[in-house]
2 protein chains.
Amino acid sequence: MKEFIPVLKRTKLFAGVGEDDITAMLSCLGARLRTFKKGDYVLRQGEHLGDILVLAEGKLHIQRDDYWGNRSILGHIGIGEIFGEAYVAPESGTLLNDVVALEDSAVFFFDVKRVITTCSSACRFHTMVVQNLFFAISEKNRSLVQKLDYMSRRTTREKLLSYLSEEAKKQNSPYITIPYNRQQLADYLSVDRSAMSNELCKMRDDGLLEFEKNRFKLL
Amino acid sequence: MKEFIPVLKRTKLFAGVGEDDITAMLSCLGARLRTFKKGDYVLRQGEHLGDILVLAEGKLHIQRDDYWGNRSILGHIGIGEIFGEAYVAPESGTLLNDVVALEDSAVFFFDVKRVITTCSSACRFHTMVVQNLFFAISEKNRSLVQKLDYMSRRTTREKLLSYLSEEAKKQNSPYITIPYNRQQLADYLSVDRSAMSNELCKMRDDGLLEFEKNRFKLL
DNA sequence: TCCTTTCCGTTGTAAATACAACCGAACTGT
DNA sequence: ACAGTTCGGTTGTATTTACAACGGAAAGGA
């Protein structure tokens with residue numbers, strides 16, 4: 001577990017907390033580390049969750065398959081990101097989505113009750129972690145609203161443009177790399193892959209952008 | 001402000017806190033009460049926000065209009081609900097949406113810094129309010145994921161069915177009342193109103209449901 | 001090298017949607 | 001009673017999409 005302390009230090013959850021203090025807090029927060037092989041399910045739809053999770057190593061996708069086999073990708077989790085925090089409220093039901101490992105991954109599990117219940121003076125930074133958690137979840141909230149904005153567009157072209165231009169804004173460059181391949185991007189935007197592929201080429205022909213694999217350039 | 005203390009007591013934010021304690025906390029939380037006329041903007045896209053808001057009276061919509069005038073309704077705010085909490089993080093940019101009063105309304109504004117910074121012993125329940133806030137925002141997070149689930153459906157019929165059946169589950173009855181008229185429901189699900197109206201009638205003809213105005217019965 | 005798998009572009013067709021336009025019913029305020 | 005407005009259902013057409021199927025390029029393993 002100790003090997004990942006430097007990783008934890010750079011997460012939003014432990015922002016402002018030193019490595020020694022993080023080490024001291026781990027037991028206080030009920031931390032456990034679990035590893036997953038590529039393709040493993042970290043969380044499954046329908047499960048109940050009592051932990052807040054932080055990705056220490058690897059890559060994950062949040063996704064959902066419906067009865068008809070249509071896959072919908074809700075988002076992408078990179079190293080240091082927090083997840084699961086939306087399902088730990090007492091009245092929250094079971095998980096609505098699967099979380100799948102795209103690579104071999106390592107995940108920290110923190111007991112919710114111990115995270116949000118500020119303990120004795122032993123943990124000087126516990127209050128700060130609670131605030132960090134609040135900011136992190138509110139950030140996730142904003143990114144969900146952002147995604148709703150993409151999906152509210154009527155046409156595939158508008159969805160692509162709003163997504164790509166937002167990414168360009170985030171990455172602060174017209175050259176952007178996205179964490180999805182074609183199928184995954186289609187699942188993320190909830191459109192058909194082939195139709196999207198087709199539309200991308202039309203947009204290129206119209207001089208809106210250039211691309212190669214998962215790298216795009218907006219014009 | 002005092003007239004709304006009983007309302008506050010029943011909100012998720014102050015769950016478990018008595019009226020006297022709420023009264024005592026108001027100044028500690030930097031509470032202000034503002035009133036709005038029907039049609040007024042409570043919040044505007046692009047503004048910066050430093051407060052967490054609670055609706056004391058009235059009804060609100062969270063919505064967004066794009067360049068082409070297409071309106072997208074992100075959600076509905078009823079009495080006692082918290083909003084604005086996603087935009088108070090230090091790095092959060094400006095608001096992505098408008099919040100509009102559908103009726104004459106009254107809104108509590110709480111200074112974020114004072115809410116999430118636990119103060120002296122004077123506020124016995126401050127810690128509880130912070131936890132309540134965490135649960136409330138995580139609940140909102142789940143409802144956003146829920147909405148993403150509706151919107152990820154490919155056809156209008158599937159969107160309607162997933163939305164209505166989820167409402168039936170929430171309201172625990174096949175007879176449900178929704179807070180939207182036709183145009184607003186179409187804006188909420190991001191589909192064309194006339195196409196949706198058409199589809200609703202087809203679904204009725206197919207024996208899936210019955211409806212009158214904003215009241216539906218699932219069969 | 002060969003085989004397999006993955007990825008992505010292309011095409012054609014059937015289905016669904018957006019959009020505009022129109023209509024009648026219900027409600028509003030004067 | 002009247003005009004104006006909102007609301008919701010209907011229709012037709014042009015556009016867009018989903019779906020299935022195919023093929024070539026690239027990557028990976030034996």
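Two strands count as paired if DSSP finds at least two bridges between them, and the strands themselves are DSSP runs (E, at least two residues; helices are H or I, at least four), numbered from the N terminus. In this predicted model, local features need pLDDT of at least 70 and side-chain atom pairs count only at pLDDT 80 or more, while totals for chains, interfaces and linings use all residues. Residues are numbered from 1 along each chain as its sequence is written, chains are lettered from A and ligands numbered from 1 in the order in which they are written, and side-chain values use heavy atoms, with hydrogens and water left out.

By that pairing rule, β1(B) and β8(B) are antiparallel partners over five bridges. They belong to an open sheet of four strands in chain B, with the order β1-β8-β3-β6 and antiparallel pairing. At its edges stand β1 (32-36) and β6 (82-83) of chain B, each with a single partner strand, so one side of each has no neighbour in the sheet. Strand β3 (residues 51-57) of chain B is joined to strand β8 (residues 105-111) of chain B by six bridges, and the two run antiparallel.

Individual residues show the register. B:F108 in β8(B) is the bridge partner of B:L33, and B:F108 also stands opposite B:V54. Further along, B:D51 lies opposite B:D111 of β8(B). Six of the seven residues of β8(B) are buried (under 20% relative accessible area with a 1.4 Å probe, protein chains only; exposed is over 50%, partly exposed in between), so β8(B) is largely enclosed by the rest of the structure.

Chain B also holds an open sheet of three strands, in the order β9-β11-β10 and with antiparallel pairing. Its edge strands are β9 (175-177) and β10 (209-212) of chain B, each pairing on one side only. From one strand to the next the twist averages 20°. Three bridges join β9(B) to the antiparallel strand β11 (residues 215-218) of chain B, and B:T177 stands opposite B:R215 in β11(B). Helix α5 (residues 156-171) of chain B packs on this sheet and is in contact (heavy atoms within 4.5 Å) with β9, β10 and β11 of chain B. The direction of α5 makes about 100° with that of β9(B); axes are lines fitted to C-alpha atoms, for helices over the stretch in contact, and angles run from 0 to 180 degrees between N-to-C directions.

In chain A, A:G75 is found in strand β5 (residues 71-77). A:G75 is buried, with a relative accessible area of 9%. Leaving aside residues up to four places away in sequence, A:G75 touches A:L60, A:H61, A:I62, A:Y180 and A:Y188.

The largest nonpolar core (buried Ala, Val, Leu, Ile, Met, Phe, Trp, Tyr and Cys residues joined through side-chain atoms within 4.5 Å) has 64 residues. A:F110 and B:F110 have the most contacts inside that core. Apart from it lies another core, of 44 residues, among them B:L43, B:I77, B:F109 and B:L144.

Between the chains, 44 residues of chain A are in contact with 44 residues of chain B. The two chains bury about 4000 Å² between them (accessible area, 1.4 Å probe, lost on being put together and summed over both), 65% of it on carbon and sulfur atoms. A:F134, A:R142 and A:L148 supply 17% of the area that chain A buries against chain B, more than any other three residues. Four salt bridges (a side-chain nitrogen of Lys or Arg within 4 Å of a carboxyl oxygen of Asp or Glu) are counted between chain A and chain B. The side chains of A:E91 and B:R142 meet in a salt bridge, at 4.0 Å from N to O.
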